[in-house]
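Hi,

Here is the structure I promised to pass on to you. Have a look at it first, and my notes on what turned up follow below.

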Amino acid sequence: MSQKEVNGSSHRGKVLTLETMNQNVRQVEYAVRGPMVLRAVQIEEELKKGVKKPFTEVIKANVGDAHAMGQKPITFIRQVLALCAYPALLEDDKFPEDAKLRARRILDGCGGQSIGAYSASQGVECIRKDVASYIEKRDGGIPSNHENIYLSTGASDAIVTMLKLLICGEGRTRTGVMISIPQYPLYSAALTELQGVQINYYLDEDKCWGLDVGELRRSLTAAREHCNPRALCIINPGNPTGQVQSRQCIEDVIRFAKEEGLLLMADEVYQDNVYAEGCVFHSFKKVLFEMGPEFSSVVELVSFHSTSKCYMGECGFRGGYMEVVNLDPEVKAQLTKLVSVRLCSPVSGQALMDVVVNPPQPGEPSYATFTQERAAVLADLAEKAKLTEESFNNVPGFHCNPVQGAMYTFPRITIPQKAIDQAKAAGQAPDQMYCMKLLETTGICLVPGSGFGQREGTFHFRMTILPPKEKLKYVLEKIAEFNAQFLQDYS
Amino acid sequence: MRTTLLDVNPRLKAIGESPCNALRARALHITQELAQGVPKTFSRVVDLCSFDPQREGVPPNTFLQQVLAVCLYPELLSDEKCALDVRQRARRLIQSCEGSSVGCYTPSSGLVYIQHRIAEFITRRDAGVPTDAHSIFICSGFWRTLTMMTKLLSSSEGEPQNGVLVPLPYPHTLAMVLGLAGIRSVPYRLREDAGWAMDLEELQRAIRTARGCCRPMAIFISNPGNPTGHVQNRKSIEEVIKFAAAEKLFLLVNEVDQHSVHGSGIQWVSYKKVLFDMGPKYWDRVQMASFHSLSNGLMGECGLRAGYMELVNVDKEVMIFAETLVNMDISSPVPGQLALDILLNPPQPSEPSYDLYTQEILTNLATLTENALRAQDFLNSLPGMSCQPAVGGFYVYPRVDLPAEVLERAKAAGVEADVLYCQELLEEQGVCVGAGSENGNTGGEYHLRLCVGVSSVVLEEALERLSAFHLRFLDSYSCGPHLETP
C-alpha cells in the first residue's frame, strides 16, 4: 500500500487529527504563502503537463524574492561565502585579496575555523562586533555594543523571538502588540500562534500611508480596555505600503512610546531600499539618541535587519540580526536563554551578514565592481518603482501611492458591488476573488490586500516591483487589461 | 513602564538556566583569561558538553565543502581544477533551487528536489518501504522541526495540559522545547543495568502516571539514544509500537544518529521499517514523526542548520497546518538543504570523489568507534564511575557516585551535585562536560555526559585531565575512595 494512500485515510485510532491538534494553529494565516501560492504552484504543474492556458508561465509577483525574479547576486558576497564554505580556495588566485581577508576573519571567529561548527547562540562574536561597527557608522557615531546584537535566522526569527519573550498574562492582562494596518502578515500570524492580542493602528492611505499619533492614541486607548499593550511594531520602509517615514514621524512615535511605556519593534529590513526623491531612511536608534537622554536612556527599542532585501536579496541564506536597546538586564538574560533553545542561526547566514556590514572600501580590489553592482541593483529598483506607480495610476479604478521604498506596490483597487456580493456568497474576500481570477487569467500571482489588513470597504493587492523591466511592463499591461475586463464583467 | 521580568513569558521563566550554557559561558571567560596570560594548569578549554565535532578537531567533509562552494559561487562551475562530480552535483543542486540561485527562498517545507531525494534515501534505507515526498518537512535543524511538532501537539486554550512521555535520560535540550510549548513531560526510565534498554513495564507505569496529570499525546524516543548511546533491537521497537498503538500515542522518534552506529555487530533499523513489517494493523494507523539532521551525520555540519522530519499516517489536512507553521520561517537555509542531499546521497564508486569521500567518512566512524570504546574503558577504570556501553551516537554517559559531603555542598550552593562536579572540573582542569541532571537524572543518581564525537587527541587530553581531577576530587573527601551511594 502506498504511503500516499495511507496518509489521509480515516481517523481510525489516530491521535493527531484536525480536531485534536492545537486549535490555535488552525487560526494562523500567512497570506504571502497562502491559498494563492498553492493555486499558483498547481497551475505551474498543469503548464508543465502541457495543459493549455492563456499564458505560458506563472509570474510570482507575490513574494519579495529578488533572485527568483532574475536579480544577480553581488559577486563579492558570493566570493567570500565560497571561501568560507571551502577554505582551500584561500590558496586560489581566482579570488581577490579583500574577499580572502574577510573570509579569514570570519573563519577565525568560528569554532574549529569552520562554518560547519555551531556558533555561540547569540552569534559569532567578531561578526556581532562588525555589525555593531556598521550600526555606529550608519548612525553617525552613536555607540553600539555587540552584546546587544543577536544574529538570527532572517529577521523573521528575531521578530517572533521577541514576541515569544513578551507574551504573557490572561484575559485583560494578556500582552497586546500594536501593529500597523496594512502590515506584513508575519506579525499577525505570530500573534495568533502565540495567542498575543493584536492591536491594529491604521496608516493613512490619503497621506501616503503616513502614521498619525492621534490614530496610535485612539487604538491604544481602546486596547487598554481588554489587554495589556506592551509593544509597538513599525515597519520602515513599509511593507506592503512602501512609505518611508519622515524624521518627524519617527520622533512622534518615539515620544508616544515613551509616554505610554511601550517597547518599540522597528523592522528596518528595507533600509537600503529608498527611491523617492526627498525621502531618507532615518534609523529609529539614531533618532532616539538625537532626541537626548530623556528618551535615549529610557525608551526600549529593538531594531531588525536582514540579508534578504536591500541590494543583496539573499533570501535563501536566512541571515539577520536584531539590536536591543535599553532592555532590562534580567529581561535580556531571558532573551538570551530563549535563543539558546534553537542552538544558533545558520553560520553561512551570519557570514553573509558580516560581508554586508563590512563591504569593500575605497582602495580595495573589489571596491569598484561592488559599488557598481550595488548601484545598478538599487537604480533598477528605483526605476521600476516609478514605472509601477505611474502605470497603476493610469488604470481606471486604481489609486497607487508612491513607492517611496521597500519592494512592493499596494494600490487601492475598485471592486464593483456585484463582484463583492459574489465573493461574499462564496465566503471569499473580494480582493482574494479578484486576485484568484487574475491568476487564472494571466498567470500573475499577487497577494490580496485582505492578507495584510486594510480599512473596511477598501480593497488592495500587493505586487512586488521585482520582475525584470520588460517582464514588469508586461505584467502591468496584463493587469490593466484584466482590470478593464473585470470591471466590465461585473458592471 | 519599562519591560520587567513580570512581562516575560512565564513558560520561558520557568525553564531553568541550562547548566551547559552556564558552563560554556564560564569556559569562554576562562579562554579569555588564558589569552590574557592568566596562568592555569591547562592551555585550552576542551568542550565535551555537546556535539560539535568540527569545533573539537574533526575535519569537515571535503566533497561537501567543494560542492557547497560551487553552489554559492557558480563561476566555479567552469573551473577545471574542480572535480567533475563536484561540478555535476553542484549544477544539479543549483538547478533545483528556485530561480537557480541559492539566494532564493524555497517552498516552506523544502526544495521539492531535495524532498524527493530524501524520500528516495528513506525508501532505499528501508528496503523499499514507500515514502511520500509530500510528508517530508525540511527545517533549520532537529530542534526547530521538533518545536514545530510540539505546536501541533500542545493543548488548545482552556483545555487540559497535553503531555509527552520522555525517556530518562533525555537529550539535554528537550525539556526546554517541551516547556516552551506548555507540554508536560512525563518520564519513563531507561534501564541502566540493561544497557539503557526500554522497559515495557516502565512504559506502562509512566502512561498511568501521565493519565493522572495530563492528556498524554505522544511518546518521545531517541534511537540511537541520546545521551545513552543505546540502540534498540527490532523486538524492542515492536514493543514500543504496540504500546503506542494500544495507548494511542503519537511516536516522536529522534533518529538523527542513525549513521553513527559504531558498536560491533549492532544493527540499526528504522521505526518506519519495523512499523511497515508489522503489517496493516499497525502500518495503517500508528502515527509517527521521525527526525533526522545534518548536524549528526558523520559530517557534523552543525553550522549549516538543516534537518527534516517524515510524517507517517498524518492526515493531509493536519499537514497543511504543519506547512502553515513552517511558512512563518518562510524557508529553511538553502546551503543546509543542499548539504542534506550530499549527506543522504554520497558519491558513487564510479565517481572521482568517491575514494576520498569514503575514506573521510570511514575515518570519522573509526575514530568515533575507538573513542567510544576508549572512553568507556577509561571511565570504568576510575573509582566510583560506571559506564554502560555506548553503541551508537556521540556520547558516553557514565554514572558517577558522589560522596555525601559533595551532595551537601551542592545543596548549600543551590546546584545539583553533578553540576558542582562539572563546575569544579572546568575550573581546575579546563574540561567542560555535561551534567546528567540536565538530561533529567536527578534525585541521587548522578551522571556525566561526554561527547566522544571529537578528535582522538582531544578525547585523550580530556580523559587524562578528567582522571586527574576525579582522583583529586575524591581524595579530598574524608571518605576517600569509599563512597556513599545515596
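Let me start with a helix pair in chain B of this predicted model: helix H14 (residues 354-380) and helix H17 (residues 456-475) of chain B pack at an angle of about 10°, their axes 10 Å apart. Because angles under 35 degrees count as roughly parallel, H14(B) is roughly parallel to H17(B). On the H14(B) side the contact is made by Thr367(B), Asn371(B), Arg374(B), Ala375(B), Phe378(B) and Leu379(B). H17(B) contributes Ser456(B), Leu459(B), Glu460(B), Leu463(B), Glu464(B), Leu466(B) and Ser467(B). The residues of this contact between H14(B) and H17(B) divide into 6 nonpolar, 4 polar and 3 charged.

Another helix pair in chain B makes a nice counterpart. Helix H3 (residues 62-72) and helix H13 (residues 334-344) of chain B have axes that come within 10 Å and cross at roughly 140°. That angle makes H3(B) oblique to H13(B), and the crossing of the two is right-handed. Which residues meet where H3(B) and H13(B) touch? From H3(B) they are Phe63(B), Leu64(B), Val67(B), Leu68(B), Cys71(B) and Leu72(B), and they meet Pro335(B), Leu338(B), Ala339(B) and Ile342(B) in H13(B). The contact of H3(B) with H13(B) consists of 10 nonpolar residues, with no polar and no charged ones.

Chain A has a helix pair for you as well. Helix H6 (residues 125-138) and helix H14 (residues 347-357) of chain A pack at an angle of about 30°, with their axes 9 Å apart. H6(A) is therefore roughly parallel to H14(A), and their crossing is left-handed. Here Cys126(A), Ile127(A), Asp130(A), Val131(A) and Tyr134(A) in H6(A) meet Gln350(A), Ala351(A), Met353(A), Asp354(A) and Val357(A) in H14(A). By type, the residues of the contact of H6(A) with H14(A) are 7 nonpolar, 1 polar and 2 charged.

Now to the sheets, beginning with chain B. Its strands include an open sheet of 7, in the order S2-S8-S7-S6-S5-S3-S4 (chain B), with mixed pairing. Strand S2 (136-139) and strand S4 (184-189) of chain B stand at the edges; each has a single partner strand, so one side of each is left without a neighbour in the sheet. On average, neighbouring strands of this chain B sheet are turned by 25° against each other, direction ignored. S2(B) is joined by 4 bridges to strand S8 (residues 307-312) of chain B, and the two run antiparallel. Within S2(B) and S8(B) you can find Ile138(B) standing opposite Tyr308(B) in S8(B). Helix H5 (residues 112-125) of chain B lies across S2, strand S7 (288-293) and S8 of chain B, running at about 120° to S2(B).

In chain A there is an open sheet of 7 strands in the order S2-S8-S7-S6-S5-S3-S4 (chain A), with mixed pairing. Its edge strands are strand S2 (149-153) and strand S4 (197-202) of chain A, each pairing on one side only. Neighbouring strands of this chain A sheet are turned by 25° against each other on average, direction ignored. Helix H8 (residues 186-194) of chain A packs on the sheet, touching strand S3 (175-181), S4, strand S5 (228-235) and strand S6 (263-267) of chain A. The direction of H8(A) makes about 160° with that of S3(A). At the S2 edge, 5 bridges join S2(A) to strand S8 (residues 319-325) of chain A, and these strands run antiparallel. Ser152(A) stands opposite Gly320(A) in S8(A).

A few backbone details in chain A deserve a look. Most residues other than glycine have a negative phi, and most peptide bonds are trans. The peptide bond from Asn236(A) to Pro237(A), however, is cis, with omega near -5°. Asn239(A) and Pro240(A) are also joined by a cis peptide bond, with omega about 10°. Where do these prolines sit? Pro237(A) is in the loop between S5 and helix H10 (247-260) of chain A, and Pro240(A) is found in the loop between S5 and H10 of chain A. Asn326(A) is not a glycine, yet it has a positive phi of about 65°. Asn326(A) is found in the loop between S8 and helix H13 (329-340) of chain A.

Last, the domains of chain B. Chain B is divided into domain 1 (10-58 + 362-475) and domain 2 (105-344). Taken over C-alpha atoms, the centres of these two domains of chain B are separated by 27 Å. The contact takes 34 residues from domain 1 of chain B and 38 residues from domain 2 of chain B.

Best wishes

Methods
Residues numbered from 1 in each chain as written. Chains lettered and ligands numbered in written order. Predicted model: local features only at pLDDT ≥ 70, side-chain atom pairs only at ≥ 80, totals over all residues. Heavy atoms only, no water. Pairing = 2+ DSSP bridges. Axes fitted to C-alpha atoms, helices over the stretch in contact; angles between N-to-C directions. Contact = heavy atoms within 4.5 Å. Parallel < 35°, antiparallel > 145°, perpendicular 65-115°, else oblique. Left-handed = near helix turned anticlockwise from the far one by under 90°. Nonpolar A, V, L, I, M, F, W, Y, C, P; charged D, E, K, R; others polar. Domains from an automatic or database assignment.
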